[in-house]
Amino acid sequence: MAVKILSVDDELDLELLLTQYFRRKIRKGEYEFHFAHNGLEALTMLLKEKDFDIILSDINMPEMDGLSLLAKVNEMQNPALKCIMVSAYGDMGNIRQAMNNGAFDFATKPIDLDDLSLTIEKAIEQINYIKEMQQEHHQLESIKGDLAVAREIQQAILPRIFPPFPENAHQIDIAASMNAAKDVGGDFYDFFRIDNDHIGFVIADVSGKGVPAAIFMAVSRTLIRATGLRSIKPSECITYSNNLLSEESANCMFVTIFYGIYNIKTGEVTYTNAGHNPPILVKADGSIKRLPTCEDIAAGIVKDFCFSEETFHLDHGDTLLLYTDGVTEAVDIDNKDYGEERLETLLGNISSQIDCQQMIARVKADVKAFAGEAEQSDDITLLAIKRL
């Protein structure tokens with residue numbers, strides 16, 4: 001597109017001079033000149049046509065001088081519109097004032113057209129740079145808006161109503177929370193009814209951050225839920241899910257998973273741990289027990305890996321706390337980890353009478369207090385199940 005230049009000068013000879021000197025660029029469509037004879041006329045044109053790139057304005061004009069016009073142009077707040085001021089060589093006071101007020105450059109009369117041509121080219125370079133930055137800014141704003149929508153969608157697919165099974169509210173308490181480090185996260189939790197006596201629950205952490213992790217998270221969560229609802233054992237669910245994730249994984253992405261099936265009547269939990277942090281069992285008497293570390297690998301790495309499963313019991317009043325490494329690996333301003341020991345100490349000092357939401361709130365508050373002003377570096381996700 002042609003660079004639109006508005007020449008503002010009460011001397012009519014300048015109009016002929018500019019069109020003659022820049023005739024080749026005008027013919028090629030590189031420059032497009034428009035002319036006004038005072039500041040007021042120029043301002044009217046600027047308000048009518050908002051795509052001017054350069055204003056070449058005399059300072060001393062009737063009705064509205066160049067300095068007044070410059071002030072009005074500044075009010076438009078268009079950084080891509082550049083003003084080149086023109087005045088007599090001896091009018092340095094006004095020229096200096098124009099430069100202090102935001103003029104891009106100046107020229108003195110009689111105008112050296114070769115020098116003016118260089119000044120215009122320099123202005124065009126700045127204009128193109130600013131327009132590129134504006135375009136990138138608009139693109140970033142668009143991406144930011146898309147990420148905000150993606151965050152809402154991601155949060156919407158996670159269960160958010162607690163307690164989730166009101167018909168069993170006297171038997172089981174469940175709560176969970178996911179706080180992404182970026183706009184969208186790679187952690188997720190889920191729980192679902194398999195049959196009248198069994199509830200499936202899962203917590204997982206996808207490798208990486210941002211949009212790729214969020215997409216892999218959505219795929220993993222959907223796959224595990226759909227497979228788990230078939231009433232198969234946890235080891236079979238994760239083995240099947242792993243095979244599909246291994247085939248579809250891009251950039252060597254993987255996901256650590258803890259998937260368990262809870263028997264509401266007996267309190268038995270059968271689970272498979274695919275490379276995830278071992279959950280912590282908070283007994284009714286306040287004692288702490290960490291589930292054994294599993295040697296199974298994360299899902300999405302090796303196809304046809306056979307995952308194992310283990311079993312334990314939740315006694316009445318026991319709470320199982322599951323978490324992602326965003327909790328234990330949270331750092332303070334000195335880059336020190338929150339750590340597993342601090343988490344276990346906190347849980348040991350919490351009353352066994354509190355519910356799952358209160359326990360999660362206590363853990364999140366303690367992690368936040370520990371981190372202080374340090375930026376959250378990883379998603380923080382927690383899930384708690386208590387047998388009532």
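How do the residues of the lining of the largest cavity divide into nonpolar, polar and charged? In this predicted model, the lining comprises four nonpolar, two polar and three charged residues. The cavity in question has a volume of about 40 Å³, and the structure holds one cavity of 30 Å³ or more. Its walls are formed by Ser-7, Asp-9, Glu-11, Leu-12, Leu-14, Glu-15, Phe-35, Ala-36 and His-37. Two elements, helix H1 (13-21) and strand S2 (31-36), each give two or more residues to this lining.

Open space is considered next. The largest pocket encloses about 280 Å³. Its lining consists of 16 residues, and those nearest the pocket centre are Ala-330, Val-367, Ala-371, Gln-376 and Ile-380. The element that gives the most to this lining is helix H11 (residues 356-371), which supplies four residues. By residue class, the pocket lining holds six nonpolar, five polar and five charged residues.

The description now turns to charged side chains. Across the whole structure, 19 salt bridges are found. One of the salt bridges pairs the side chains of Arg-221 and Asp-190, with an N to O distance of 3.4 Å. Because Arg-221 belongs to helix H7 (residues 210-228) and Asp-190 to strand S7 (residues 187-193), this pair ties together parts that are 31 residues apart in sequence. Both Arg-221 and Asp-190 are buried.

A second salt bridge joins Glu-247 and Lys-303, whose closest N and O atoms are 2.5 Å apart. This pair links distant parts of the chain, 56 residues apart: Glu-247 is in helix H8 (residues 234-248), and Lys-303 is in the loop between strand S12 (288-290) and strand S13 (310-313). With a relative accessibility of 45%, Glu-247 counts as partly exposed. Lys-303, at 41% relative accessibility, likewise counts as partly exposed.

Another salt bridge is formed by Lys-283 and Asp-315, and here the closest N and O atoms lie 3.0 Å apart. Lys-283 is in the loop between strand S11 (280-282) and S12, while Asp-315 is in the loop between S13 and strand S14 (319-323), so the pair ties together parts that are 32 residues apart in sequence. Asp-315 has a relative accessibility of 40% and therefore counts as partly exposed. Elsewhere, salt bridges that share partners join Asp-9, Glu-11, Asp-58 and Lys-109 into one network. Of these residues, Asp-9 and Glu-11 also appear in the lining of the largest cavity.

A final residue to locate is Asn-94, which is placed in helix H5 (residues 92-100). Is Asn-94 buried or partly exposed? Its relative accessibility is 22%, so Asn-94 counts as partly exposed; the buried class ends at under 20%. Apart from its neighbours within four places in sequence, Asn-94 is in contact with Ile-59, Asn-60 and Leu-67. Thr-319, by comparison, is separated from Asn-94 by 225 residues in sequence and by 78 Å in space, C-alpha to C-alpha.

Notes:
Residues numbered from 1 in each chain as written. Predicted model: local features only at pLDDT ≥ 70, side-chain atom pairs only at ≥ 80, totals over all residues. Heavy atoms only, no water. 1 Å grid on protein atoms, 1.4 Å probe; cavity = no way out; pocket = protein on both sides within 12 Å on 5 of 7 lines; lining within 4 Å. Points joined across faces, edges and corners; volume = space filled by probe spheres on them. Nonpolar A, V, L, I, M, F, W, Y, C, P; charged D, E, K, R; others polar. Salt bridge = Lys/Arg side-chain N within 4 Å of Asp/Glu carboxyl O. Buried < 20%, exposed > 50% of the residue type's maximum accessible area, 1.4 Å probe, protein only. Contact = heavy atoms within 4.5 Å.
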